[in-house]
Amino acid sequence: MSDYEQFIAGINKKTGINLALYKEAQMKRRLTSLYEKKGYRNFVEFLQALERNRDLMNEFLDRMTINVSEFYRNGKRWEVLQNKIFPLLLQTNKRLKIWSAACSTGEEPYTISMVLSHHLPLSQIQVLATDLDENVIQKAKLGLYPERSLAEVPNDVKTKYFAQEGAFFKVRDEIKRTVNYKKHNLLNDQYESNYDLIVCRNVMIYFTEEAKDQIYRNFSKSLRPGGILFVGSTEQIFNPAQYGFEIEDTFFYRKK
């Protein structure tokens, strides 16, 4: 067994995270740079250190889960969500069940609420936002972002839903109240059912084909018939029918 295979087994035992389901070359490169920076010589030494040091474990989890996000990322897709997808979903249900999966530092679920606020009062909006990394969940709950994260936010939305604090912008409490955060592992944990909308963007590129297949099947089971899966701009599903999906729009898939 190689030192990386020992590392995978040890991490799986300690955290329940199966690194074998992430693309190996990307993950090894990222983690090798971390352990070398910390002064360790190989994955076995690094695993022993992780088992002793909680702060190092948190840093490892941060490095493993790429937390790069921004509000209204790929803005044209959010316009489709606002102008086409939400009106479609609201025809059959005025209380939408929405999940932002692998939500990172919160930009995505807050954007979902801001977009949906064009159709519903905030009191009727509730978004479940989940991530594997408890550190990013805490950052998301804080809701404080550098200006670069807001580059694609429409000016009227920026004025309405953000308050400037020095060089940062804070999401207003009325938006924060619409999002409920929870820790969740897409590869291990149970999925809830009857979602109207699942948003999972710019995450699947880090997984193996086997892992992607498993997650898409779970998303399909979690959506109600007619529910929508919204994926990232590099994550087109080339054979959506195998998961029970039809193309609703570019990067939007409707469960049959």
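Which residues does Phe60 touch, not counting residues up to four places away in sequence? In this predicted model, Phe60 touches Phe7, Ile11, Leu19, Leu31, Leu34, Phe46 and Leu50 when residues up to four places away in sequence are not counted. Phe60 has its place in helix H4, and with a relative accessible area of 0% it counts as buried, because the cut-off for that class is under 20%. One of the residues touched by Phe60 is Leu31; the two residues are 29 apart along the chain, and their C-alpha atoms are separated by 7.6 Å.

The contact between Phe60 and Leu31 belongs to the packing of two helices, H2 and H4. Two packed helices are in general described by the angle between their axes and the distance between those axes. Helix H2, which covers residues 24-37, packs against helix H4, which covers residues 54-64, at an angle of about 150°, and the axes lie 10 Å apart. The crossing of the pair is right-handed. On the side of H2 the contact is formed by Met27, Arg30, Leu31, Ser33, Leu34 and Lys37, and on the side of H4 by Glu59, Phe60, Arg63 and Met64. Sorted by class, the residues of this contact comprise 5 that are nonpolar, 1 that is polar and 4 that are charged.

A parallel arrangement of strands involves S1, S7 and S8. Strand S7, residues 195-200, is mostly covered, since 6 of its 6 residues are buried, that is, under 20% relative accessible area. Strand S1, residues 98-101, runs parallel to S7 and is joined to it by 3 bridges, and within this pairing Trp99 has Ile198 of S7 as its bridge partner. S7 is also joined to strand S8, residues 223-231, by 5 bridges, again with the two strands running parallel; here the bridge partner of Val199 is Phe230 in S8. Together with helix H10, residues 209-222, the strands S7 and S8 make a β-α-β unit that is right-handed.

The loops that adjoin S1 and S7 each hold a residue with an unusual backbone angle in the sense of the following rule. Most residues other than glycine have a negative phi. Ala102, by contrast, is not a glycine and yet has a positive phi of about 55°; this residue is found in the loop between S1 and helix H6, residues 107-116. Asn194, likewise a residue other than glycine, has a positive phi near 65° and lies in the loop between strand S6, residues 179-183, and S7. Asn194 counts as exposed because its relative accessibility is 52%, and the class begins over 50%. Helix H6, for its part, is largely enclosed by the rest of the structure, as 10 of its 10 residues are buried. Among the buried residues of H6 are Glu107 and Glu108 as well as Tyr110, Ile112, Met114 and Leu116.

An antiparallel arrangement is found in an open sheet of 3 strands, whose order is S3-S5-S4. Strand S3, residues 144-146, and strand S4, residues 162-165, are the edge strands, each of which pairs on one side only. On average, neighbouring strands of this sheet are turned by 35° against each other when direction is ignored. S3 is joined to S5 by 3 bridges in the antiparallel sense, with Pro146 standing opposite Phe168 in S5. The antiparallel pairing of S4 with strand S5, residues 168-171, extends over 4 bridges; within it, Gln164 stands opposite Phe169, and Phe162 has Val171 in S5 as its bridge partner. The hairpin formed by S4 and S5 has 2 residues between the strands, and in this hairpin Gly166 takes a positive phi near 65°. The two faces of S5 differ in their cover: Phe169 and Val171 make up the covered face, whereas Phe168 and Lys170 make up the uncovered one. Of the bridge partners in S5 named above, Phe169, opposite Gln164, thus belongs to the covered face of the strand, while Phe168, opposite Pro146, belongs to the uncovered face.

Terms used:
Residues numbered from 1 in each chain as written. Predicted model: local features only at pLDDT ≥ 70, side-chain atom pairs only at ≥ 80, totals over all residues. Heavy atoms only, no water. Axes fitted to C-alpha atoms, helices over the stretch in contact; angles between N-to-C directions. Left-handed = near helix turned anticlockwise from the far one by under 90°. Contact = heavy atoms within 4.5 Å. Nonpolar A, V, L, I, M, F, W, Y, C, P; charged D, E, K, R; others polar. Buried < 20%, exposed > 50% of the residue type's maximum accessible area, 1.4 Å probe, protein only. Pairing = 2+ DSSP bridges. Right-handed = clockwise from strand over helix to strand, strands pointing away.
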